[in-house]
Every structure is written in structure tokens, then in C-alpha cells.
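Me: I'm just starting out with protein structures, and I'd love a close look at one part. Could you walk me through the place where the ligand sits?

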Amino acid sequence: MKVPFLDLGEAYRALKDDIDAAVARALASGWYVGGPELTAFEQAYGGSVGARHCVGVANGLDGLHLALRALGIGPGDEVITASNGYIATVLAISMAGATPVLVEPDPLTHNLDPARVTDAITSRTKAILPTHLYGLPADLDPLLEVGRQHGLKLIEDAAQAHGARYKGKPVGAHGDAVCWSFYPSKNLGALGDAGAVTTDDPELADRIRTLGNYGSHQRYVNEVRGVNSRLDPLQAAVLGVKLAHLEEWNARRQETAAYYLEALADCDLVLPTVPEWADPAWHLFVVRSARRDALQASLAEAGVQTLIHYPIPPHRQEAYADLGLGAGAFPIAEQLAGEVLSLPIGPHLIREQAEQVVSAVRKAAA
Ligand SMILES: *Cc1c(COP(=O)(O)O)cnc(C)c1O
């Protein structure tokens, strides 16, 4: 049996009647930008993560960029984020015109380390931007405390954390702005690009919506230089159908994660760390091995597809060559990039496939 990493068509096939009906309803509504499908999804999603406001945007990168700009962050300002993780988080800071300041993650949680954040603060620092990487919430309380002490904003990259909880409360409104992607492979994924920002601050929500709508409240009156970044109502209709299944899908991810953690406990691997205050969304199940490439090859031979999130840390990307940060600048991020391997997890995975993953890993990493 093959064990694919993802099967994006599966959720559509399972929910075909409901999704087709929602798309037909959106088409018949006559609203192709904005309108009732979008408003209904924004309200449902904001409510589901415990935030007072939810603003749909075109994708997760735009959500981060617009949240930064709406918080007044721009040229000359520094934003602290982790040296590992996905490039979008760093790109959003650059798009806002600010300077990304990278700090090493905690090697066990892969998330921003509050102690290192304090060391990186300068007179130009304006915000902290943690990612809830792989769906594991970052340790928000100490980050919020550092932010309070130094007058910094907290913006969360929650693109991998739909349904995650921090100390029992859903990720969604701890920081000033929480940014979501509904890219198809995320725990809550659209049938194309989509994103959102959630916040408890009504004025911030209004600024983000305005920035994403050409900087305009009133048609043809432009208050600021905005962009066009809106959540497509067809995608909102689809997301509304899928949102009702998120909890059940995440429960299946949790079940697979618990099984992997138990069945692989004695293997020569570093398994994911789950602090006692965290309920991860298990977007990815990432193990570490000093012999990662050999492990990946033998899993492929056993029919198990794996991926690497992420093979090149942002400071080693050509896009950031001008930072002048060579090999060795961020040893933890570089070591993680060389050792991480993502095993298949997701609602598509059946028990027999998870067992096949376990036996292939045990054989390769006994
Ligand atoms: C997917 C992702 C993004 C970007 O989302 P898009 O919708 O693809 O723009 C940002 N940050 C993280 C951590 C992601 O996983």
C-alpha cells in the first residue's frame, strides 16, 4: 500500500454534495467580491477561534503583511521572528518595509524562544512575530509579557494552527493580530488561495480591511495606499462547509500523533515535544534524525511519502543573501533544517497506513 503525504481531493470527495451546494449558492447570490458568504464565514471563523473580529484576505502572506502595516510597522522598524520556519513569515516583514530580526528557536518545540527574544530587542524593535510551527502553539504568555515590558506588538503566524489551543484557549486572539492561511493543504484549506486575520481590536480589524480594499472605506476615496487582498466569496462558501469538520479532522490528526508518539518512542529519533499547556493542531508530525536523508530514502522505498519542512532556513535563501548571514549564523535553525522529516498525518490517513509508517520507520531507525 502507498502512503501519500497528502490527499487534497479526499475532503472534497467526502463533502462533495455540501461543497457543491455552497458554491452554487454563492454563484446564485450575485456577490463575487464581498457579500453574504464572506460575512458568514468571517463570523463563523472568528467565533470558532474566540476572536471578536475576523477579516478575510487573499492569502496568509497578505494577512501577515497587512496586519504589520495596520499596526503601523514599516521602514526603520525591526520585527523579531524565528530563524527556522517558512519563508512567508520573514517575507511579510520585508513586504511591510520593516527589518526581520531572526532569533534561534527552542530546538525541542521549534518555536520562538522567549529568552532569546529579550536579547534581540533594540530601540527599533516594534513587534514580535511567533509562528505556531507545525501546529504547536508558541509559548505565548512569556512572549506577551516581554511585549508588555517593552511596548511591542504581538502578531501570530497561525497558518499551521487552526484549532490549536494554548492553555485551553483557542489560538486566535492572544496577540494583537492572529494571521491565518487557508492554503489547500492547511488543516482548514480552501480550494485555492485564501487567508484571514483575527483580532479583538475593532479599529485594527477596520484598518486591515481598509488596507486590503485599496486603502478605501468609501469607493473612489483612498485614505492610504492599500492593496487588493480580499477573500473570494466562493472560497468563503467552501471554507464554511469545511469549518464544520475541522474539529473532527483535528481529532483524527491527534489520534495519529498519539499513536506515532507511543509506537516510535524507543526509536533513534527525536519525536515532537508537546508542553503540558499545549493542544497542538498537528498540522505536521515532524521527527528529527541525524541520518535524515537515509531515513527518507528507506521510507520512500517502503511506499511512505515524507516531506521536509523546511530544507533551507530563511537566512540561507538567495532571496536574503543581502543579510550577509552565512553558514553558521544560526546553528540551531541550520541543524533543524538538516534533520527534520515530516511523516504523513492528516484526515486522509487510515489506521493501516499509519501502521505501515510506524513499521517502516522502526525498520529504518531501530
Ligand atoms: C502557509 C503558510 C504561510 C503562508 O500562507 P499562504 O496562504 O500560502 O500565503 C505563512 N506562514 C506559515 C507558517 C505557513 O505555513
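Reply: Happy to! Let's begin with a term: a molecule sits in a pocket if more than half of its atoms lie within 2 Å of the pocket's grid points. By that rule, the ligand in this predicted model sits in the largest pocket.

Now let's see who lives around it. The residues around the ligand include Asn59, Gly60 and Leu61. Tyr86, Ala88 and Thr131 also belong to this group, and so do Asp157, Ala159 and Gln160. Ser181, Tyr183 and Lys186 complete the list. Sorted by class, this shell holds five nonpolar, five polar and two charged residues.

Next, zoom in on the oxygen atoms of the ligand, starting with Ser181. An N or O atom in the Ser181 side chain is 2.6 Å from a ligand oxygen atom. For Lys186, a side-chain N or O atom is likewise 2.6 Å from an oxygen atom of the ligand. Gln160 joins in too, with a polar side-chain atom that lies 2.8 Å from a ligand oxygen atom. A polar contact is a pair of N or O atoms within 3.5 Å, so the pairs at Ser181 and Lys186 fit that cut-off.

How much of the ligand does the protein cover? On its own, the ligand has 380 Å² of accessible area, and the protein covers 91% of that.

So here is the picture to keep in mind as you turn the model: a ligand in the largest pocket, with Gln160, Ser181 and Lys186 each placing a side-chain atom by a ligand oxygen at the distances given above.

How values were computed: Residues numbered from 1 in each chain as written. Predicted model: local features only at pLDDT ≥ 70, side-chain atom pairs only at ≥ 80, totals over all residues. Heavy atoms only, no water. Near = heavy atom within 4 Å. Polar contact = N/O pair within 3.5 Å; in protein donor to acceptor, adjacent residues only side chain to side chain. Areas by Shrake-Rupley, 256 points an atom, 1.4 Å probe, with all protein chains shown as cover. 1 Å grid on protein atoms, 1.4 Å probe; cavity = no way out; pocket = protein on both sides within 12 Å on 5 of 7 lines; lining within 4 Å. Nonpolar A, V, L, I, M, F, W, Y, C, P; charged D, E, K, R; others polar.
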